[in-house]
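Visitor: I would like to learn how to read a model like this one. Could you walk me through it?

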Amino acid sequence: MSKPVVWTIAGSDSGGGAGIQADLHTFADFAVHGCSVITAVTAQNSVTTRGIYGLSSTEIKAQLTCLLDDMPPQAIKIGLISNSAQLQAIADFLNRWPERIERPFVVWDPVNISTQRDCLSSLTPDECRALMTEVDVMTPNTDELEWLSGTAVFDQPSLVRASGMLLESGCKAVLATGVHVDDDGGRVCDHLYRSDRQQRFCHEYLSTTHDHGTGCTLSAAIAAAVAHGYPLEDALVLAHAYVHKGLRCAEGVGSGPGPVAHTGWPTELENFPQVCCKTLPVSDVRFAPLKYSPALYPVVDSVEWLQQLLELGLRTLQLRIKRTPDKSLEQQIKTAVALSRHYDAQIFINDHWALALKYGAFGVHLGQQDLADADLNAIAQAGLRLGISTHGYTEMLIALRCRPSYIALGHIFPTRTKVMPSQPQGTKRLRDYVALLSATDIPTVAIGGINLANLDEVMATGVDGVAVVTAITQAESVEDAVRRLMARLEVRCAE
Ligand SMILES: Cc1ncc(COP(=O)(O)OP(=O)(O)O)c(N)n1
Ligand SMILES: Cc1nc(C(=O)O)sc1CCOP(=O)(O)O
Ligand SMILES: [Mg+2]
């Protein structure tokens with residue numbers, strides 16, 4: 001498969017730490033093909049900027065149209081724009097994007113002042129607005145946000161106000177980067193604002209003087225991750241992890257601030273941020289571990305199914321009844337708990353955590369939306385296990401904060417059982433997720449479209465178990481399906 005194409009529209013940093021140079025290093029690490037549209041050549045080293053030589057709008061347009069004719073991008077990162085004529089040329093170009101070519105995702109890192117404190121652009125905040133309507137996410141640091149919004153940023157309300165002004169000017173999302181406000185408890189956070197959501201991605205403050213090119217690298221990584229098909233919040237998480245490791249590994253070159261390092265696709269959990277959002281209750285909990293490896297984990301909608309599968313020897317099961325609680329549902333949960341004790345099985349109750357708690361179930365399975373409403377402390381204190389659904393990096397990081405008994409990773413393949421709002425993840429991403437979570441002792445379960453035909457490919461990722469609905473409930477012979485799936489799992493476990 002060919003690599004996604006990503007353009008950077010930015011300035012050249014002769015010192016090699018920021019601008020086009022940082023972007024192309026980042027694109028290489030993220031396995032996308034990088035194209036460059038140069039806006040300005042800077043004569044710059046680690047200490048100072050001695051000259052900025054902007055290209056004309058005609059020269060910029062020539063680069064853009066030449067690329068569009070042959071190498072249309074999945075995403076564009078915009079960095080330094082040195083004057084209003086350049087900005088207008090870029091805005092017009094994006095505004096007239098041809099209908100026959102899919103519109104790319106656009107990230108704009110509004111560079112104004114360099115790390116060496118030199119002013120790189122003559123743009124005014126007002127002039128910037130013409131481009132904001134073409135942009136999917138802007139990534140200003142605190143100085144840039146203050147400059148663009150004309151508002152001092154010193155606490156949460158002022159941050160919300162300033163970011164809100166950029167949203168009102170037409171960009172779809174604002175990621176205020178490297179923010180230090182008291183409300184974040186001494187950590188450094190990237191704050192994401194969208195019209196319907198706010199999230200924070202935080203890390204302990206890292207002391208380094210070598211941070212040249214941080215903003216360029218972050219925005220280029222976001223563009224590259226989106227070009228690979230990651231949703232925006234996961235692209236931000238990946239970019240944050242990439243920059244965090246880059247800062248940890250940065251070495252000085254020259255006598256001023258050295259460049260952030262470029263260290264490959266992020267794989268180490270310690271570099272990933274803590275994700276904070278309104279739906280995650282702040283809770284210092286830890287859930288009891290599973291008794292057995294999840295292995296084959298059928299998800300069924302009645303106690304009759306539970307009984308049948310327990311008799312076939314299965315010991316990890318879920319009762320998933322999608323309706324509001326009534327007397328008969330309560331009775332099913334009560335019976336499920338009794339079955340679980342009788343067979344010494346780990347039976348999870350989906351959604352209905354209060355009834356699971358009332359009858360002392362082995363465990364509860366919750367989705368991300370359910371987490372906001374559930375009393376996690378009560379569930380943990382009563383000794384119930386907790387499984388949490390996730391669909392990508394951000395949700396995994398949210399789940400990790402609850403220290404659950406297992407993490408479900410979905411949906412791997414297309415599924416007919418449920419309408420999914422996200423895209424199937426595939427086994428390559430599953431492998432990355434499992435590797436990332438291997439730094440914890442929390443088992444993983446894959447779900448979504450898993451059957452005998454793809455089971456080997458799924459288990460080759462190192463995942464601990466597979467949750468299945470139709471592979472069992474729609475099988476011609478349930479007994480045969482269970483036997484074959486189990487046999488395949490046992491072979492794999494023995495390997
Ligand atoms: C093992 C397992 N993984 C994921 C899910 C899905 O849970 P959720 O996201 O809460 O969606 P519903 O199942 O409630 O529709 C699951 N049930 N089990
Ligand atoms: C209930 C459910 N949750 C999913 C998730 O990704 O969170 S996928 C899914 C359905 C799984 O059914 P089947 O094995 O028939 O594809
Ligand atoms: Mg649920």
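Visitor: Which strands each supply at least two residues of the shell around ligand 1?

Guide: A good way to read a binding shell is to ask which elements its residues come from. In this predicted model, strand 14 (363–366), strand 15 (385–390) and strand 17 (444–447) each give at least two residues to the shell around ligand 1. There are 17 residues around ligand 1, and the nearest are Gly-367, Ser-389, Ala-408, Ile-447 and Ala-467.

Visitor: How do the residues of that shell around ligand 1 divide by class?

Guide: Sorting by class is a handy next step. The shell around ligand 1 has six nonpolar, seven polar and four charged residues.

Visitor: And how many residues surround ligand 2?

Guide: Let's read it in the same order. Ligand 2 is surrounded by 15 residues, and Gly-410, His-411, Thr-415, Thr-417 and Thr-470 are the closest. By class, the shell around ligand 2 comprises six nonpolar, eight polar and one charged residues.

Visitor: Now for helices. At what angle do the axes of helix 2 and helix 3 cross?

Guide: For a helix pair, look at the distance between the axes and then at the angle. Helix 2 (residues 57–70) and helix 3 (residues 84–95) have axes that come within 9 Å and cross at roughly 30 degrees. Angles under 35 degrees count as roughly parallel, so helix 2 and helix 3 are roughly parallel to each other.

Visitor: Is the crossing of helix 2 and helix 3 left-handed or right-handed?

Guide: Helix 2 passes helix 3 in a right-handed crossing.

Visitor: Which residues meet where helix 2 and helix 3 touch?

Guide: From helix 2 come Ser-57, Ile-60, Lys-61 and Leu-64, which meet Ala-85, Gln-86, Gln-88, Ala-89, Ile-90 and Phe-93 of helix 3. By class, this contact of helix 2 with helix 3 has six nonpolar, three polar and one charged residues.

Visitor: Stepping back, into which domains is the protein divided?

Guide: Domain 1 covers 5–277 and domain 2 covers 295–494. Their C-alpha centres lie 39 Å apart.

Visitor: How many residues of domain 1 are in contact with domain 2?

Guide: With domains, count the residues on each side, then trace them to their elements. Here 11 residues of domain 1 are in contact with 10 residues of domain 2. On the side of domain 1 that touches domain 2, helix 8 (232–248) and strand 10 (274–277) are the elements giving two or more residues. Helix 8 has the largest share there, with four residues. That side of domain 1 divides into six nonpolar, three polar and two charged residues.

How values were computed
Residues are numbered from 1 along each chain as its sequence is written. Chains are lettered from A and ligands numbered from 1 in the order in which they are written. This is a predicted model: local features need pLDDT of at least 70, side-chain atom pairs count only at pLDDT 80 or more; totals for chains, interfaces and linings use all residues. A residue is near a molecule or strand if its C-beta atom, placed from the backbone, lies within 6 Å of it. Ala, Val, Leu, Ile, Met, Phe, Trp, Tyr, Cys and Pro count as nonpolar, Asp, Glu, Lys and Arg as charged, and the others, Gly among them, as polar. Axes are lines fitted to C-alpha atoms, for helices over the stretch in contact, and angles run from 0 to 180 degrees between N-to-C directions. Angles under 35 degrees count as roughly parallel, over 145 as roughly antiparallel, 65 to 115 as roughly perpendicular and the rest as oblique. A crossing is left-handed if the near helix is turned anticlockwise from the far one by less than a right angle, and right-handed if clockwise. Two residues are in contact if their C-beta atoms, placed from the backbone, lie within 7 Å. Domain bounds come from an automatic or database domain assignment.
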